[in-house]
Amino acid sequence: FSSFLLQAQSSKAKIVGLANAGGDTINSIKQASEFGITKGGQKLAGLLVFLHDVHGLGLNVAQGLQITEAFYWDLNDQTRAWSKRFAAANGGKYPSSDHAGVYAGVLHHLKAVDAAKTDDGAKVVAKMKELPTDDPLFGKGQVRADGRKIHPVHLFEVKKPSESKGPYDYYKVVQTIPADKAFRPTDQANCPLVAKKSARLDRHATPPLTNETWKSLASRSRP
């Protein structure tokens with residue numbers, strides 16, 4: 001990725017977006033650090049970066065990287081309490097957003113099973129969309145008709161080594177994006193599930209009356 005990074009560096013763009021994942025992202029961040037991209041005033045923005053990626057890179061390399069996440073272990077008292085229990089059960093390793101997402105998803109599923117009094121898949125999914133979500137990791141939210149889970153999303157920046165108090169103390173909040181602004185609106189999502197539902201509703205709806213229909217009705221009402 002060195003040639004792409006050098007092009008981005010010479011462009012003087014304020015933000016360099018990394019539209020890759022896994023080992024490719026890690027290598028890109030390492031190379032960007034070697035080229036002095038962030039030291040030159042540009043910022044890196046990772047589209048898919050996890051806490052453990054930053055842990056492996058180290059703050060000397062990852063500092064200044066910007067990412068968006070819906071969860072961070074040190075976000076508030078509730079996330080800290082849950083994350084410390086997680087770390088105690090996992091050799092001191094702190095959770096990232098994928099761990100939190102699985103926990104919250106399973107918790108909401110179990111609540112829906114309990115409320116629906118059944119484990120029938122279709123009925124449970126319907127109940128999951130009906131019930132508001134509420135857990136210690138993401139707070140209050142909802143599952144939309146298209147299956148999208150809605151909650152606030154945070155813009156984080158990776159701390160400098162001097163700002164960190166210890167292992168996994170890596171992020172600082174730059175901005176919090178409200179739930180209604182963080183995700184594409186349902187009417188713009190082009191989801192087949194929502195489209196099918198709308199089509200079913202349209203088929204049962206009363207068709208509009210045309211001029212010809214009005215004339216026909218009028219003629220029938222004449223003596």
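**A guided tour of the sheet, its salt bridges and a surface patch**

Begin by selecting A45, whose bridge partner in β3 is Q66. The model in the viewer is predicted. Display next the two strands concerned: β2 (residues 43–46) and β3 (residues 66–69) run parallel and are joined by two bridges.

From A45, turn to G17, since A45 is also the bridge partner of G17 in β2. Here β1 and β2 run parallel, with four bridges between them. Show the side chains of β1: V16 and L18 point to one face and are buried, whereas I15 and G17 point to the other face and are not buried. In a regular strand, side chains alternate between the two faces of the sheet.

Now bring the whole sheet into view. Its five strands form an open sheet in the order β1-β2-β3-β7-β8, and the pairing is mixed. Because β1 (15–18) and β8 (171–177) are at the edges with a single partner strand each, one side of each has no neighbour in the sheet. From one strand to the next, the twist averages 30°.

Which residue forms a salt bridge with K43? Select E157: the closest N and O atoms of this pair are 3.2 Å apart. E157 belongs to strand β7 (residues 153–158) and K43 to strand β2, so the salt bridge ties together parts that are 114 residues apart in sequence. E157 counts as buried, at 13% relative accessibility, while K43 is partly exposed, at 30%.

Two further salt bridges may be selected in turn. R80 and D74 meet at 2.9 Å, N to O; R80 is partly exposed at 25% relative accessibility, and D74 is partly exposed at 25%. D134 and K140 meet at 3.0 Å, N to O. Of this pair, D134 is partly exposed, with a relative accessible area of 37%, and K140 is exposed, at 65%. Select K43, E157, E163 and K172 together to see one network, joined by salt bridges that share partners. A search of the whole structure finds nine salt bridges.

Move next to the surface and select V102, V106 and L110, which make a nonpolar patch of about 270 Å². L110 lies in helix α6 (residues 97–116) and counts as exposed, at 52% relative accessibility.

Finally, display the entire chain. It has 10 helices and eight strands, and 32% of its 223 residues count as buried. The chain exposes about 13,900 Å², of which carbon and sulfur atoms supply 55%.

Key: Residues numbered from 1 in each chain as written. Predicted model: local features only at pLDDT ≥ 70, side-chain atom pairs only at ≥ 80, totals over all residues. Heavy atoms only, no water. Pairing = 2+ DSSP bridges. Axes fitted to C-alpha atoms, helices over the stretch in contact; angles between N-to-C directions. Patch = residues over 30% accessible without salt bridge, like charges linked within 9 Å, V, L, I, M, F, W, Y side chains within 5 Å. Areas by Shrake-Rupley, 256 points an atom, 1.4 Å probe, with all protein chains shown as cover. Salt bridge = Lys/Arg side-chain N within 4 Å of Asp/Glu carboxyl O. Buried < 20%, exposed > 50% of the residue type's maximum accessible area, 1.4 Å probe, protein only.
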